[in-house]
Every structure is written in structure tokens, then in C-alpha cells.
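Good morning, and thank you for joining this meeting. Please look at the sequence and the structure as they come up, and I shall then take you through them.

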Amino acid sequence: MLDLIKAASLKIKSVMTHTPLIYSAYLTRLYGFDCYLKLENLQKTGSFKARGAFNKISSLSGAEKSRGVITASLGNHAQGVAWAASHLGVKSLIVMPQTTAIVKFVATKGYGAEIILYGNYFDEAYEYAKSLAKERSLAFIPPFDDDLVIAGQGTIGLEILAALPDADLVVVPIGGGGLISGISSALKESRTGVSVVGVEAEASQSCIASLKAGHPVDVERKTTIADGIAVKKVGDKTFSIIKNYVDDVVAVGEETISAAILLLLERKKLIVEGAGAAPLAAAMEDKLPKGAKKAVFVLSGGNIDVTMLDRVIRAGMLKEGRIMRLSTVVEDIPGSLARLTAEIAGLRANILHIIHQREAADLPVRMIRLEIILEVEGEDHAERIYKALEEKEYVVR
Ligand SMILES: Cc1ncc(COP(=O)(O)O)c(C=O)c1O
């Protein structure tokens with residue numbers, strides 16, 4: 001595989017972003033080993049997927065290129081294929097389930113693909129794309145189980161080796177396994193002394209289940225914030241590479257993935273999607289091998305919906321006690337709300353939202369209930385605000 005990866009590296013060099021590998025002093029302090037982040041969220045199309053797609057499409061024959069390519073995907077692979085095909089002057093047709101989020105549909109179309117919406121689930125779209133590929137003689141571009149796709153993703157491994165030759169741990173998310181197969185092949189076929197750990201979401205553990213069974217098995221896909229790695233079954237090729245080269249595969253929970261997204265946003269100013277934050281979540285859950293000195297976390301993509309990001313931020317702040325929800329009753333006369341907000345401002349809390357409620361059976365006439373959402377420093381600050389308002393004779397819940 002290493003030769004294929006080196007060839008892919010030459011092919012993608014002039015068109016793909018050579019993404020930065022950055023050191024994080026903050027994470028290093030937290031975990032006790034040097035922490036580096038490989039920023040594939042800054043790759044063309046917002047994820048590593050463009051690497052494999054470009055390598056595969058550019059390797060097609062002239063006749064295949066002139067007929068065009070097809071794939072099925074509901075996310076990053078669709079964007080990678082659409083972008084790579086357009087860049088190479090090849091027509092692309094992407095089949096997406098009818099339930100695909102509008103932003104993903106719009107982004108893929110924006111990269112120049114023709115889109116067909118078919119079926120309710122990915123599997124239906126996938127089968128339809130396969131049948132269209134036959135009917136119209138289009139080259140099908142597999143999302144992961146293909147040597148050239150794997151080799152394209154493996155170019156990340158070569159970039160890590162060149163930038164940090166003594167890295168001894170590389171942590172990579174696993175969906176169908178193309179990304180980790182490429183990276184682990186590049187690393188393990190180049191040198192010894194480096195461990196590769198794969199990370200899945202607890203909600204979708206197809207690789208862990210397959211390793212237990214000894215062959216790829218179907219798992220039930222549950223909803224996860226790491227939708228990029230929610231795959232029903234790992235590939236056959238990827239499974240055999242993972243068996244040979246990957247030292248361990250661990251699963252991480254939804255709350256930790258959310259917390260990792262928030263940490264990367266707040267501390268590193270990086271927008272990373274759930275799948276891309278999963279490797280950091282493995283460090284947060286203390287699931288990485290002990291004794292590593294220099295670890296690289298592959299942040300594989302940054303395509304997260306702003307509405308999802310908003311939910312992650314709010315949930316994270318709530319969990320850390322940085323959001324306080326309080327309810328109190330005041331007189332319905334001019335100035336009473338101003339007095340309360342002045343008290344809150346004096347306590348250095350930030351009002352995010354206020355709801356007035358007049359129509360409630362338990363409210364005396366001329367009184368209103370206020371539901372207030374505040375941004376606070378943490379639980380101690382919330383407690384101080386609660387006590388201070390009670391001392392001013394507000395009845396606070
Ligand atoms: C952001 C992101 N990370 C990781 C993966 C997993 O890649 P693979 O399916 O090659 O294991 C995907 C797959 O779509 C992805 O979109």
C-alpha cells in the first residue's frame with residue numbers, strides 16, 4: 001500500500017491543501033504527553049474525503065472520465081467526489097437519501113455535482129446508485145473500500161511522518177475504515193514504534209463488533225452526533241488492514257464527543273464536526289494507551305451544521321454549570337424588570353433570554369413571572385447570584 005500512497009501523494013500535491021499539524025500546549029498540559037492536531041477540517045470541502053476521491057477519479061481511464069462518475073453519500077464523501085470530479089473536468093452524479101439535510105445537498109450541488117434524491121435511508125440510495133452506475137456505464141466511486149481511495153486518505157500519514165517523524169501515537173476516527181487503513185499503512189509500512197488507535201462512536205461500533213466476530217458484521221446504526229462515522233459495516237479491504245495495522249479500537253460517548261467539539265472551539269478556535277472530534281474524546285475518556293510521548297489527533301472534518309454547533313455549545317455550557325435558569329415573580333409595574341436586571345448586571349451575569357409570563361393560574365393579579373436564562377462563570381457564581389437575589393427578597397427558583 002505504501003507505494004500506492006506515495007503515488008497518491010504526488011497526484012494530490014498541487015491541488016489539495018497540505019493541512020497544518022499544530023502543537024497544543026493546553027492539551028499537552030491536560031494529558032501529560034505532547035499533543036498535536038492534524039487539521040483536516042481545513043482540507044478542501046471541509047474534510048479529508050477529497051483526498052481519496054481525487055486520487056480515485058484522477059486514476060480512471062480517459063473513457064471512464066468522459067462518461068462520468070457516480071456515488072451515494074449523505075455527507076463528506078459526496079462533497080469530496082463532487083469537488084474532485086469538477087476539478088478534473090469530470091461529470092459527477094450523487095445519489096442522496098430524500099432525508100438529507102438541506103445544507104449538505106446545497107454544498108454538494110455547489111461543488112458542481114448533479115444530485116438525485118432517492119429513498120429514505122442511505123442503503124436505499126447506495127443500491128440505487130450502484131444500479132444507475134451499471135445502467136449508465138458510470139464509474140462508481142466507493143466511500144472507503146477501495147485501494148485508491150484508501151491510498152488517497154493515506155497521504156495524511158505521510159504528511160504526519162514528514163512533520164513529526166517521532167510521533168508514537170496517532171489517533172484516527174473509524175467509519176468504514178478507509179481513513180485509518182490509509183494512515184496506518186503509511187505509518188506502519190514506513191517505520192516501527194508508532195501505535196495507531198481507532199475511535200468509533202458508542203452508538204455505532206461496527207469495527208469493534210467486526211474485530212470481535214473476526215469478520216465484518218452489520219451493526220444497528222443509532223443516531224450520533226458523529227454522523228460521519230455512523231457506518232453499518234466496515235469494508236472487507238479496510239477490515240483486513242485494520243486487523244494487521246491498528247493497535248486498538250475504542251468507543252466514545254456522545255457527551256464526550258460534544259465536549260471535545262466545544263473544547264476545540266473554545267480553546268483552539270477550531271470548528272470540528274463530531275466524527276473529527278472523536279479522537280480527542282478518546283483522550284478525554286482516558287482510553288488511549290499509557291506511555292505515549294508524542295500523539296497526533298486526526299481532526300478529520302469540520303462540516304458541522306451551525307444549528308448543531310449551537311446545540312453543542314448550549315449543552316456543554318449547561319453541563320459545565322455556565323448556564324443558569326431562574327424563575328421569579330415581580331410586580332407588573334414600570335421599572336420592576338429594570339431593577340431586577342440591574343441587580344443581575346451588578347452580579348456580573350449575562351442575560352441570554354427573558355420570558356414574561358402573565359397568564360398562569362397560580363399568579364396573583366398585577367404580578368408577572370420571569371423566566372431568565374443567564375450566562376454565569378460556573379456553579380459557585382450561580383449560587384452567589386441565587387443567594388444575593390434572595391437577600392433582595394426575590395423569591396427565586
Ligand atoms: C469527518 C469524517 N471523519 C471520519 C470519517 C471516517 O472515514 P472512513 O469511513 O474512511 O473510516 C468520515 C467518513 O465519512 C468523515 O466524514
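Of the contacts in the chain with a separation of 6 or more, 73% are made by residues 24 or more positions apart. Please keep in mind that this is a predicted model. The chain has 397 residues, of which 46% count as buried. Its secondary structure comprises 16 helices and 13 strands. Taken along the principal axes, the C-alpha atoms fill a box of roughly 80 × 50 × 40 Å.

Let me turn to the domains. The chain is divided into three parts: domain 1 (2-48 + 146-315), domain 2 (51-140) and domain 3 (321-391). Between the C-alpha centres of domain 1 and domain 3, the distance is 44 Å.

Next, the ligand. Where does the ligand lie with respect to domain 1 and domain 2? Both domains give residues to the shell around the ligand, and therefore the ligand lies between them. In total, 22 residues surround the ligand, and the closest are Gly175, Gly178, Gly228, Ser300 and Gly301. By character, the shell divides into twelve polar, eight nonpolar and two charged residues. Three helices, α5 (76-87), α9 (178-188) and α13 (274-284), each supply at least two residues of this shell. Helix α9 gives the most, with three residues.

One residue of helix α5 merits attention, namely Ala84. Is Ala84 buried or exposed? Ala84 has 30 C-beta neighbours inside 10 Å, so it counts as buried; the threshold for that class is 20 or more. Beyond its neighbours within four places in sequence, Ala84 is in contact with Ala50, Ala53, Phe54 and Ile57. Ala84 may also be set beside Lys44: the two are 40 residues apart in sequence, while their C-alpha atoms are 9.4 Å apart in space.

Finally, I come to strand β12, which spans residues 350-357. How many of the eight residues of β12 are buried? The number is zero, so the strand lies largely in the open. Strand β12 is joined to strand β13 (residues 367-375) by seven bridges, and the two strands run antiparallel. As one example of the pairing, Ile355 has Glu371 in β13 as its bridge partner.

To close, I would recall two points. The ligand lies between domain 1 and domain 2, since both contribute to its shell. Strand β12, by contrast, has no buried residue. Thank you for your attention.

Definitions and conventions. Residues numbered from 1 in each chain as written. Predicted model: local features only at pLDDT ≥ 70, side-chain atom pairs only at ≥ 80, totals over all residues. Buried ≥ 20, exposed ≤ 12 C-beta atoms within 10 Å, placed from the backbone. Helix = DSSP H or I, 4+ residues; strand = E, 2+ residues; numbered from the N terminus. Pairing = 2+ DSSP bridges. Near = placed C-beta within 6 Å. Nonpolar A, V, L, I, M, F, W, Y, C, P; charged D, E, K, R; others polar. Domains from an automatic or database assignment. Contact = placed C-beta atoms within 7 Å.
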